[in-house]
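This briefing treats a protein model with DNA. It covers sheets, internal space, the surroundings of the DNA and unusual backbone geometry.

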Amino acid sequence: MPELPEVETIRRRLEPDLVGQRVVAVRVNRPEIVGYPSVRTLVRQVTGRRITGLARRGKYLIVRLDDHQELIFHLRLSGALYLVNNSKTPPYERIQFRLASGNRLSLAEPRMLGRVYLVGGHEYPAVLAGMTKMGREPIEPGFTASYLAARLHGRKTKVKTLLLDQRICCGVGNIYSDEALFRAGVRPTRRAGSLTRAEIGRLARALRQVLKEGISWCGTTIADRRYVLPDGTSGGFQKYLRVFRRGGERCGRCGATIQRVRIGNRSSCYCPVCQK
DNA sequence: CTTGTGTCCTGTAGGC
DNA sequence: TGCCTACAGGACACAA
């Protein structure tokens, strides 16, 4: 599940090798990987284009082309982007972009949930509706306690659900929401509107910190997840996870048994002593 | 508008 | 050994 730190790591690693490169060929192994427009149109329009820049918005990776269109990648749960020599084929490769340098940008996605889109500016609302409704990223200066308080105010749903809502906390997924809640001392099951001002302040800070640490450790690579850097190496933040996927283990801070609960069809782990 | 539930997808782990 | 089921979860559709 590449979240903000993982996608940002991928963006930073790809940038020096992609910017300025020309795409000399595009090959699609699984047509369903192309979310928009058609395979045929995407191949025709991207072939021959030069890459002018890389950006990221939430969990989306944006590859800018010299005709002002953008290739947008979303890796969902198990997608990975590799940059390899053209002679190599990563496992589960679904689409490849061959570059003039002799390298290949390859999207691997075993579960076929990830997508690649080609859009011009005016097409965003229709093609990527979610992208136009995104809230602030916790690493932006505008992500303040006041912002978070306003978004949680009066909400009856569980706070964990709202941390995963991209309209509120853009770029946050299951790993970093569990970790931020632990650091803030707030249980994931709490009604969002019941949080005190102090708890919201701690939560805003924890989200900012945990995402920044995730970036500095090049993301989180764990078993049965496919996240790796474009050269196939692993991130390092998994060493610092305190509660995520650790239900049944002892809390490193207080020794209590970490609990695992299901919230909205996904699991969440927390320490019943450290988190109130 | 808010809230909760189901669906997509397929590799992996665990039970028997 | 091999079959079967549950599970992982980001985004979105849909119902109430």
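The points below are grouped by topic, beginning with conventions.

The model is predicted: local features need pLDDT of at least 70, side-chain atom pairs count only at pLDDT 80 or more, and totals for chains, interfaces and linings use all residues. Residues are numbered from 1 along each chain as its sequence is written, chains are lettered from A and ligands numbered from 1 in the order in which they are written, and side-chain values use heavy atoms, with hydrogens and water left out.

**Sheets**

- Five strands, in the order β2-β9-β5-β4-β3, make up an open sheet with mixed pairing; strands are DSSP runs of E of at least two residues and helices are runs of H or I of at least four, numbered from the N terminus, and two strands pair if DSSP finds at least two bridges between them.
- The edges of this sheet are β2 (34–36) and β3 (51–57), each of which pairs on one side only.
- Neighbouring strands of this sheet are turned by 25° against each other on average, direction ignored; the axes are lines fitted to C-alpha atoms, for helices over the stretch in contact, and angles run from 0 to 180 degrees between N-to-C directions.
- Within this sheet, β4 (residues 60–65) pairs with β5 in the antiparallel sense over 5 bridges, and Val63 has Leu71 of β5 as its bridge partner.
- A further open sheet has 4 strands in the order β1-β7-β8-β6, with antiparallel pairing.
- Because β1 (23–28) and β6 (80–85) stand at the edges with a single partner strand each, one side of each is left without a neighbour in the sheet.
- The twist in this 4-stranded sheet averages 20° from one strand to the next.
- Strands β7 and β8 run antiparallel and are joined by 5 bridges; Phe97 stands opposite Leu105 in β8.

**Cavity and pocket**

- The count comes to 1 cavity of 30 Å³ or more; on a 1 Å grid over the protein atoms alone, a cavity is a set of points where a 1.4 Å probe fits but cannot get out, a pocket is an open set with protein on both sides within 12 Å along at least five of seven lines, and lining residues have an atom within 4 Å of a point.
- The largest cavity holds about 40 Å³ of space; grid points are joined across faces, edges and corners, and a volume is the space filled by probe spheres set on the points.
- Val23, Ile51, Val63, Leu71, Phe73, Phe97, Leu99 and Leu105 line the largest cavity, and the elements that give two or more residues to this lining are β5 (70–74) and β7 (93–99).
- The cavity lining has 8 nonpolar, no polar and no charged residues; Ala, Val, Leu, Ile, Met, Phe, Trp, Tyr, Cys and Pro count as nonpolar, Asp, Glu, Lys and Arg as charged, and the others, Gly among them, as polar.
- The largest pocket has a volume of about 710 Å³; 25 residues line this pocket, and Met1, Lys59, Arg76, Leu77 and Arg266 are the closest to its centre.
- Strands β10 and β11 each supply at least two residues of the pocket lining, which by class has 10 nonpolar, 6 polar and 9 charged residues.

**DNA strand B**

- The residues around DNA strand B include Arg30, Tyr92, Met112, Lys156 and Arg226; a residue is near a strand if one of its heavy atoms lies within 4 Å of it.
- Sugar and phosphate account for 77% of the atoms of DNA strand B that come within 4 Å of the protein.
- The surface near DNA strand B has 4 nonpolar, 2 polar and 6 charged residues.
- An N or O atom in the side chain of Arg30 is 3.3 Å from a phosphate oxygen of DNA strand B; a polar contact is a pair of N or O atoms within 3.5 Å, and within protein one must be able to donate a hydrogen and the other to accept it, while residues adjacent in sequence count only if both atoms are side-chain atoms.
- Lys156 places a backbone N or O atom 2.6 Å from a phosphate oxygen of DNA strand B, whereas a polar side-chain atom of Arg226 lies 2.9 Å from a sugar or linking oxygen of DNA strand B.

**DNA strand C**

- DNA strand C is surrounded by 18 residues, of which Arg76, Leu77, Leu113, Arg260 and Arg262 are the closest.
- Sugar or phosphate supplies 71% of the atoms of DNA strand C within 4 Å of the protein, and bases supply the rest.
- Side-chain N or O atoms lie 3.1 Å from a phosphate oxygen of DNA strand C in Lys59, 2.7 Å in His74 and 3.1 Å in Ser267.
- Strands β10 (259–263) and β11 (266–270) each give at least two residues to the surface near DNA strand C, which divides into 5 nonpolar, 5 polar and 8 charged residues.

**Backbone geometry**

- Tyr36 and Pro37 are joined by a cis peptide bond with omega of about -10°; Pro37 is in the loop between β2 and α2 (39–46).
- Met112 is not a glycine, yet has a positive phi of about 60°; Met112 is in the loop between β8 (103–108) and β9 (115–119).
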